[in-house]
Amino acid sequence: MIRFLIFGFPVAIHWMFWVLAALISGALHATGRDAWVLVLAKILVVLVSILVHELGHASMQRRFGGRPSILLHGFGGQSHAPGQFTRNENLILVAMGPVFSLLLAVSGWLLWSFSLLPGTLAGFVILINVFWTTLNLLPIYPLDGAQLLEHAMRGRNPVLRYRIAMVTAALVAVYFLSWGWLFAGIVFGYMAYENYKRSEGRPVAGIFGRF
């Protein structure tokens with residue numbers, strides 16, 4: 001683990017995060033110095049993008065009295081704060097992750113507009129944050145969309161929510177696999193299996209035991 005503080009929030013980065021970032025950034029197909037420089041720049045974009053998303057959650061968790069910590073791992077990231085929050089507080093703190101991601105996408109566009117960021121990197125900033133936000137709002141546990149749905153429904157009908165999550169994750173996995181995106185297909189296939197276990201009332205360890 002790499003550990004540090006940012007704005008007072010403890011952050012840990014698991015080594016698998018760098019594998020995820022490298023895959024997203026095109027490391028498997030990079031040849032030549034210029035290509036690897038671009039890959040490293042994109043890895044930095046992935047790091048900043050996921051960290052900013054989690055800071056959106058963490059900032060609200062701290063505002064509502066929690067003491068959050070952030071973990072970046074091989075499936076993205078998460079902000080964890082022990083304690084109890086009200087329904088409205090949960091809705092706000094979950095929603096702030098996607099909000100921060102979209103604000104970062106807008107920032108990337110503005111930097112490109114004022115010629116402060118190369119078009120290739122600006123496009124990657126926008127792609128990562130808009131694409132990830134779209135996926136993250138799907139009703140699949142442990143993504144934000146499922147958590148928003150859970151709090152909006154006041155925790156009712158958990159089995160129905162898990163089955164919706166299972167089917168949605170399975171469909172997304174099939175979609176990615178049909179396009180040859182093996183890693184993404186495996187991730188969502190795993191989520192489908194985890195949500196199947198949830199619907200059956202079976203224990204779910206989650207990613208690194210933290211979900």
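This is a short tour of the sheet in this model and the helices that pack on it.

The model is predicted: local features need pLDDT of at least 70, side-chain atom pairs count only at pLDDT 80 or more, and totals for chains, interfaces and linings use all residues. Residues are numbered from 1 along each chain as its sequence is written, and side-chain values use heavy atoms, with hydrogens and water left out.

Select residues 2-6, strand 1 (strands are DSSP E runs of at least two residues, helices H or I runs of at least four, numbered from the N terminus). Strand 1 pairs with strand 2 in the antiparallel sense over five bridges (pairing requires at least two DSSP bridges between two strands). I2 has I13 of strand 2 as its bridge partner. Two residues separate the strands of this hairpin, and F7 in the turn has a positive phi of about 55 degrees.

Next, select residues 9-13, strand 2. Four of its five residues are buried, so strand 2 is largely enclosed by the rest of the structure (buried is under 20% relative accessible area, exposed over 50%, partly exposed in between; 1.4 Å probe, protein chains only).

Move to residues 69-73, strand 3, which pairs with strand 2 in the parallel sense over three bridges. I70 is the bridge partner of V11. Strand 3 also pairs with strand 4, in the antiparallel sense over five bridges; there, H73 stands opposite G76.

Now select residues 33-63, helix 2, which packs on the sheet and touches strand 1, strand 2, strand 3 and strand 4 (contact means heavy atoms within 4.5 Å). The direction of helix 2 makes about 15 degrees with that of strand 4 (axes are lines fitted to C-alpha atoms, for helices over the stretch in contact; angles run from 0 to 180 degrees between N-to-C directions).
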